[in-house]
Amino acid sequence: MYTCGPTVYHDVHIGNLRTFLFEDFLKRMFELNGYTVNHVMNITDVGHLVGDGDIGDDKVAKTARENGKTAWDVAELYTKLFLNDVKRLNIEPPTTLSKATDHIKEQIALVKRLEEKGLTYITKDGVYYDAKKFANYGALGGQKADEKLGGARISLGEKHSAIDFALWKFSPKGVKRDMEWDSPWGKGFPGWHIECSAMAMKYLGETFDIHCGAMDLAPVHHENEIAQAEGATGKPFVHYWVHGEFLLIDEKKMSKSVKNDYTLEDLVVNCAEPIAFRFFNMSAHYRSKLNFTYEALRASANALRGLRAALRELETPGETGAVEYEKRFMERVNDDLDIPGALAVMWEMVRDAATPSSAKAKSIIMMDRVFGLGLKEYIAAKIEIPETIQTLVDEREKARLAKDWIRSDELRLEIEIAGFEIEDTAEGPKLRSDH
C-alpha cells in the first residue's frame, strides 16, 4: 500500500489529517483480517510547485526564502511536526517513510526510461511528459485527454499541451538553489509527480495492490503517476485506487486566506485531546464529506469520555468475546471500510445488558485494533483519585446536602477543571476521568 504523504513546507491541517486517518483505518482493517501490510508513505520535500501548470517556485524553497532558512531546514522542521501529529493521533507508522530528496537517483532513472520510450520532450525550463502519447491518460478520473483539455486554463509556454507535466525542472540560470542535482539533462530538481511513481515502484514493485490519497489528487497527480509508471513499464501500476473525501470547516472549504485551515494543535488548545479528533473522524464514511465544527468536536470528546467511563465498569477480558457482535463488526469494516457502521455495532454491544461484561471487554480489544483509540487501558481500570480532589468532592457533597447550590456549582467546576467529572447518584457522588 502506497499513501501520498505531506509536502513539508507548512503545518499539516486537519483536512490532511483526515486523509491519513482513513488510510490508517484501512491498513488496520487489513491487518485484522490477517494480512501483513507493506506500507510506503512519501515525504515531498522538493518539487511541489506553488502554481498550476509547472509554474512558480517550489513550496519548500518559497517558505525557506520567506523565513530566512534553508530549504533543508524547512523540510526537516515540518517533517518532524508531521510525524509528531500522526503519533498523537495513534496513526501506525509506515513500513517505509521515503523522502523525495533521498531518491533522486531513482527518479532520474525513471525519466530516462520514459525518454527511451519516446514519451518526453525538452523545453527551456525542463523535461516534460508528452501525455497525449499515453493512450489511457485520464482513465482514472473517467476523462479522455481531449476532454481534460477542454477545461484547461493554463498558459502553455513551450509545453505541447496543457496536460503535459514536468518530469525534471532546470535550475534557473544564475541561481543557486538549496536543493538541486546534476542530471543527464542539466542541473535541476525533480517534478512532483515523478517522485511517487519512482519511490512506489522501488519499494513495492512495478505493480502493487493499493494506492491512497485525498480525492483532489486523483485527476492530476495520480493520473500522472499512472502515465509515468505504465508508460515506462507497460504493466498495470495499481490494482485499487482508494480516495478520501474532503473535510469541510463550518460547511466551507479549508483555505489559508480565511484562516480556517486548523491544525491539530489548534484543536488541542481550543477544546480537545488529539484522540477526540480521531474519534470525530469515525462519524462519517471516508468517501463522504465530513463537516468540522468545534461544537461537533466537543460532542465527540464527550462521547469518547462516556465510552471510557463505560469501559471502566467492565470486568477484565474473558477467554471469548461477544461472537455475534464481532461477526457484525467484521461485516461492517470489510464492507468498504464502514467505520461509522462498525462503531455503531460496538456501542450497541457496550449497552447490551445481556452480554457478559468479560465478553464485551474481549471484543472491545479486538475492535480497537481497527479503531486505534487506545481503549484497552480503560477496561476495568479504576480511577485514582488524588487526595486534593477527594477533599473537593467531600466539600461539595456537604454543600449540596446543605442546599448551598452556588458553592456546590463552584466546587463542581473546580473538579472538572482538574480533569474529573462528577455524577450524583443514590449511592453518593461518583467520579469519571480520562486519566
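Leaving aside its neighbours within four places in sequence, Phe30 is in contact with Tyr35, Val37 and Ile210. The model in which we see this is a predicted one. Phe30 belongs to helix α1, which covers residues 14-32. Is Phe30 buried, partly exposed or exposed? Its relative accessible area is 22%, and since buried requires a value under 20%, Phe30 counts as partly exposed. There is also a long-range relation to record here: the C-alpha atoms of Phe30 and Asn334 are separated by 8.7 Å, although the two residues lie 304 places apart along the chain.

Let me now turn to the chain as a whole. It contains 15 helices and 13 strands. Taken along the principal axes, its C-alpha atoms fill a box of roughly 85 × 50 × 35 Å. The chain has 435 residues, of which 53% count as buried. Where contacts join residues at least 6 apart in sequence, 74% of them join residues at least 24 apart.

I come next to the helix pairs. Two packed helices are described by the angle between their axes and the distance between those axes.

I shall take helix α13 as the centre of the discussion, beginning with its contact with α11. Helix α11 spans residues 323-333 and helix α13 residues 357-371; their axes come within 10 Å and cross at roughly 10 degrees. An angle under 35 degrees counts as roughly parallel, and α11 is therefore roughly parallel to α13. On the α11 side the contact is made by Tyr325, Glu326, Phe329, Met330 and Val333, and on the α13 side by Ser363, Met366, Met367, Val370 and Phe371. By class, these residues of α11 and α13 are eight nonpolar, one polar and one charged.

The second partner is helix α12, residues 339-351, whose axis comes within 11 Å of that of α13 and crosses it at roughly 165 degrees. How are α12 and α13 oriented, roughly parallel or roughly antiparallel? The angle makes α12 roughly antiparallel to α13. The crossing of these two helices is left-handed. From α12, the residues Ile339, Ala342, Leu343, Met346, Met349, Val350 and Arg351 meet Lys360, Ser363, Ile364, Met367, Val370 and Phe371 of α13. This contact of α12 with α13 comprises 10 nonpolar, one polar and two charged residues.

The last pair consists of helix α14, residues 387-401, and helix α15, residues 405-417, with axes that come within 8 Å and cross at roughly 160 degrees. Angles over 145 degrees count as roughly antiparallel, so α14 and α15 are roughly antiparallel to each other. Their crossing is left-handed. Leu392, Val393, Glu395, Arg396, Ala399 and Arg400 of α14 meet Trp405, Arg407, Ser408, Leu411, Arg412, Glu414 and Ile415 of α15. Here the residues divide into six nonpolar, one polar and six charged.

Finally, I address the cysteines. How many disulfides does a search of the whole structure find? The search finds zero. Cys212, for instance, is in no disulfide, and the nearest cysteine sulfur, that of Cys4, is 9.1 Å away. For a disulfide, the two sulfur atoms would have to be within 2.5 Å. Cys212 has a relative accessible area of 0% and is therefore buried. Cys271, by contrast, is partly exposed, with a relative accessible area of 25%.

Terms used:
Residues are numbered from 1 along each chain as its sequence is written. This is a predicted model: local features need pLDDT of at least 70, side-chain atom pairs count only at pLDDT 80 or more; totals for chains, interfaces and linings use all residues. Side-chain values use heavy atoms; hydrogens and water are left out. Buried means under 20% relative accessible area, exposed over 50%, partly exposed in between (1.4 Å probe, protein chains only). Axes are lines fitted to C-alpha atoms, for helices over the stretch in contact, and angles run from 0 to 180 degrees between N-to-C directions. Helices (H or I, at least four residues) and strands (E, at least two) are DSSP runs, numbered from the N terminus. Angles under 35 degrees count as roughly parallel, over 145 as roughly antiparallel, 65 to 115 as roughly perpendicular and the rest as oblique. A crossing is left-handed if the near helix is turned anticlockwise from the far one by less than a right angle, and right-handed if clockwise. Contact means heavy atoms within 4.5 Å. Ala, Val, Leu, Ile, Met, Phe, Trp, Tyr, Cys and Pro count as nonpolar, Asp, Glu, Lys and Arg as charged, and the others, Gly among them, as polar.
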